[in-house]
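User: Hi! I'd like to go through a structure with you before I head back to the bench. Here it is.

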Amino acid sequence: MAETTFTIDEMPIPFTPGQTILEAAKAAGIYIPHLCYHPELKAHGGCKMCTVLVNGRPQTACTQKAAAGQEVDVDTPELNAMRRTLVQMLFIEGNHFCPGCEKSGACQLQALGYEYEMLTPHFVELYPERKVDASHPDVLIEFNRCVLCELCVRASRDIDHKEVFGIAGRGRDAHLVVNSPTGKLGDSALAVTDRAVQVCPVGAIIVKRVGFAAAPIGERIYDKSPISAEVDVNESSEAR
Amino acid sequence: MPTADPVVSAIAEKYRNNPTYVLQILRETQEALDWISPETVETVAAQLKIPRTRVQSVLQFYSFLYDKPRGRYRILFADNITDRMAGNIALFEHMLSRLKLKRGEVSSDGQVSVDLTSDTGMCDQGPAMLVNNRAIPRLTMRRIDEICALVKERVPLEEWPADYFRVEDNIRRRETLLTSIAPGVALDAAIARGRQGMLDEIKRSNVRGRGGAGFPMGTKWEGARNAPGAERYIVCNADEGEPGTFKDRVLLNSFSVRVLEGMAIAGYATGATKGFIYLRGEYKHLQAKLQREIDEMRASGRLGASIRGAPGFDFDIEIHMGAGGYICGEGTAMVESLEGKPGRPRVRPPSMVQVGYRGKPTVVDNVESLAHATEIAVEGGAHFAKRGTRFSTGTKLLSISGDCERPGVYEYQFGVTIGRVLEDCGAKAISAVQIGGASGVLLTPDDFSRRIAFEDVPTAGAFMVFGPDRDIFEVARNFAQFFAHESCGFCTPCRVGTTVQRNIMEKIAEGRGSRYEINELKRVVAFMQRTSHCGLGETAGNAVRDALSKFRPAFERRLRAKDFEPAIDLERALEPARRITGRDDAEAHLETES
Ligand SMILES: Cc1cc2nc3c(=O)[nH]c(=O)nc-3n(C[C@H](O)[C@H](O)[C@H](O)COP(=O)(O)O)c2cc1C
Ligand code: SF4
Ligand code: SF4
Ligand code: FES
């Protein structure tokens, strides 16, 4: 059977019909940055980190299907600058104080900041007022760090079949809501073993009593290798 | 106040407890209870058997639904730039002071709240307001005083003088579309051509969508017709949310035969049997009238089964009310909203003609586009294509407002020059025209020989005229506020970018901008344009970009003569410290620069 291919940065990449550009790239060992994508969940397409040029047009690699003959640009100075701007926007939109965050070193947002050479937040911080929900015995939500990727929403709905989370509010008021009579996590059906707890790419959903003991500085996921080395799903933080 | 349960159950029963109708159910519940309390959310969720988070996500998405206590009178002043030019802010402040209220706050007796909202489709007769979604145009100080008196005396809205609510058509120029047509004529013509024949005529006419994008209507209809499956839908896009447009309001009010029969013709040609009119919440005043006409059509065999006796020509129409949200005018967001969800644009592909409303092939067409289908049915595509230009056939409605003598709706053949339009509407001295609304383009006299056509200046029809005394910076600032308010929040670049853009414009407006902000605006605009998920984010910076390139002095004038000005205003930042320490002496202030 003749192999179907498209190109990424001028290299031929094989794909199977139905695969997205992101999936095909991953299978070929090429990193395309992403934040709201997770291999077990239906694509979302909102964070825009995976934006690539497909025949010159910006497209999200996590939703766009690979097609024979497509010319895809991934690693270009323009796209990388755009990704840095996206990360900066996500930083200023919430309240991210990395040194005090348990997820530091294992956080995909922070790792993307390093990857795209973000030295400053660049934009004026919006400093939203958001509360912490510590009502659950085993799990904590730090809304200040939520990047609205909706991974927990999708995992709870499609894997855990509980629909514990939702997104409410429009525009800058968009925020995570918890499905319980009080709106508190402690009164919801969430269990610490839920997939929804594990998929959060940042330090917004945190398992209690683990804290900084998970891994000392120097041993954390992204201390050892940058996020761009995560091309094999089984070795990445996503599978943990 | 009635308790939530019986009210909610009655409304939900009417919609057969179908969660697809949650937005309609919330709208009607609010009409009965004034706001949607957490208890009401619980009741609705239980009654519809859906998670409460889904009810919350809808409740908190739409501007006209309230999750905080509201009173009997929920007043919103339209705040488009044309309302500002007509003095809405003075009226707004007058009302606030008469009612002793702050913006957005509910009065101490729990009766009334007063706030601002985006454009309400009344730019030709502004300043305008909405009271519980009912439009009151042509506001004056006197009218505000009268309304304040009615509110204080707690006169029910239904008993307010009917004259307040009168909305004028203001038709100033007609060609072929703004002419009446006898009921049934277009339907009979379509039936005589047959389904394929009707589709062929639409294709032959080369008619392009009037909602903005200009997509060929025949291609869209054919795509839906050819998509697999038996169930198909027609959606009439009557969201008309683009600031500065109001021509669909006039079509719906006075040419509804064309609009409704146009929908049925679309059903006939594509095989769809069900149509929705997505009517913006601001046009609630048209709802009952349209419903009566739909009922009348059903009674007279122009809707329902075997329309006009044609076997298998089955079609019906349902009105779906919006609840405040510009983004719901975007086709895929509209379908999400119809499904009872927040109006967030979908990921494409698949296209709507393949996978639309409830996963079925769906055609979303603008009101005006559908109305043209009646012309094409009657006269044929070739005849239709004789009007206008080669690439933009037929006529176009323009909504004209701002600094001109005769604001209103004008019908022209495509290809008319901007200069001609300005002359006709009595715009004398002009410094700029915003064409296509907040997301459109700002043109100056150099461009006035250009033509309204998809191949030159494309537009859904908004035409806002600015005289020489208008401050174009304020125009751009108003639009920047609009986009920050209307971004749906789905994608990062627009959700954050529109706020960044607005904040920079505010900083410049406060006189604290510098060269740096100008360059930053340019970067943010280009970034949003390139990376946003939908047309809203892609165009959210157009107005700022155009104002910067064509009216740079309007920005320069406000800048501090510095390359950079910190975001933080030190003097202002000391305020909390002064408050806490109870000090206000000279030592507690920075030395003011002079
Ligand atoms: C943010 C946004 C708002 C829109 N609002 C409207 C609208 O109010 N009315 C409309 O007809 N089209 C609107 N559109 C265009 C629709 O997406 C779609 O192209 C149109 O309804 C298709 O109908 P047409 O082909 O007849 O123009 C909007 C698009 C965007 C991106
Ligand atoms: S809590 Fe985490 S997983 Fe959920 S939306 Fe926020 S960032 Fe994403
Ligand atoms: S561009 Fe704006 S309106 Fe469109 S999907 Fe993104 S956030 Fe929503
Ligand atoms: S990973 Fe593709 S948009 Fe977020």
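User: Which domains is chain A divided into?

Analyst: Happy to help! This is a predicted model. Chain A has domain 1, covering 7–75, and domain 2, covering 129–214.

User: And what separates the centres of domain 1 and domain 2 of chain A?

Analyst: Taken over C-alpha atoms, the two centres are 28 Å apart. Nine residues of domain 1 of chain A and twelve residues of domain 2 of chain A make the contact.

User: How much area do domain 1 and domain 2 of chain A bury between them?

Analyst: About 830 Å², with 62% of it on carbon and sulfur atoms. On the domain 1 side, L35(A), L41(A) and H44(A) lose the most area to domain 2, together 57% of what that side buries.

User: How many salt bridges are there between these two domains of chain A?

Analyst: The count is one salt bridge. The side chains of E40(A) and R195(A) meet in a salt bridge at 2.8 Å, N to O. Three residue pairs are in polar contact across the domain 1–domain 2 interface of chain A. The domain 1 side that touches domain 2 has five nonpolar, two polar and two charged residues.

User: Switching topic: which residues touch the most other members in the largest nonpolar core?

Analyst: That core has 131 residues, and those touching the most other members include L109(A), F165(A), L26(B) and F555(B). Leaving aside neighbours within four places in sequence, F555(B) contacts F473(B), M505(B) and V544(B), among others.

User: What does the second, separate core include?

Analyst: It is a core of 68 residues, including C123(B), L130(B), M198(B) and I317(B).

Notes:
Residues are numbered from 1 along each chain as its sequence is written. Chains are lettered from A and ligands numbered from 1 in the order in which they are written. This is a predicted model: local features need pLDDT of at least 70, side-chain atom pairs count only at pLDDT 80 or more; totals for chains, interfaces and linings use all residues. Side-chain values use heavy atoms; hydrogens and water are left out. Domain bounds come from an automatic or database domain assignment. Contact means heavy atoms within 4.5 Å. Buried area is the accessible area (1.4 Å probe) that two parts lose on being put together, summed over both. A salt bridge is a side-chain nitrogen of Lys or Arg within 4 Å of a carboxyl oxygen of Asp or Glu. A polar contact is a pair of N or O atoms within 3.5 Å; within protein, one must be able to donate a hydrogen and the other to accept it, and residues adjacent in sequence count only if both atoms are side-chain atoms. Ala, Val, Leu, Ile, Met, Phe, Trp, Tyr, Cys and Pro count as nonpolar, Asp, Glu, Lys and Arg as charged, and the others, Gly among them, as polar. A nonpolar core is a set of buried Ala, Val, Leu, Ile, Met, Phe, Trp, Tyr and Cys residues joined through side-chain atoms within 4.5 Å. Buried means under 20% relative accessible area, exposed over 50%, partly exposed in between (1.4 Å probe, protein chains only).
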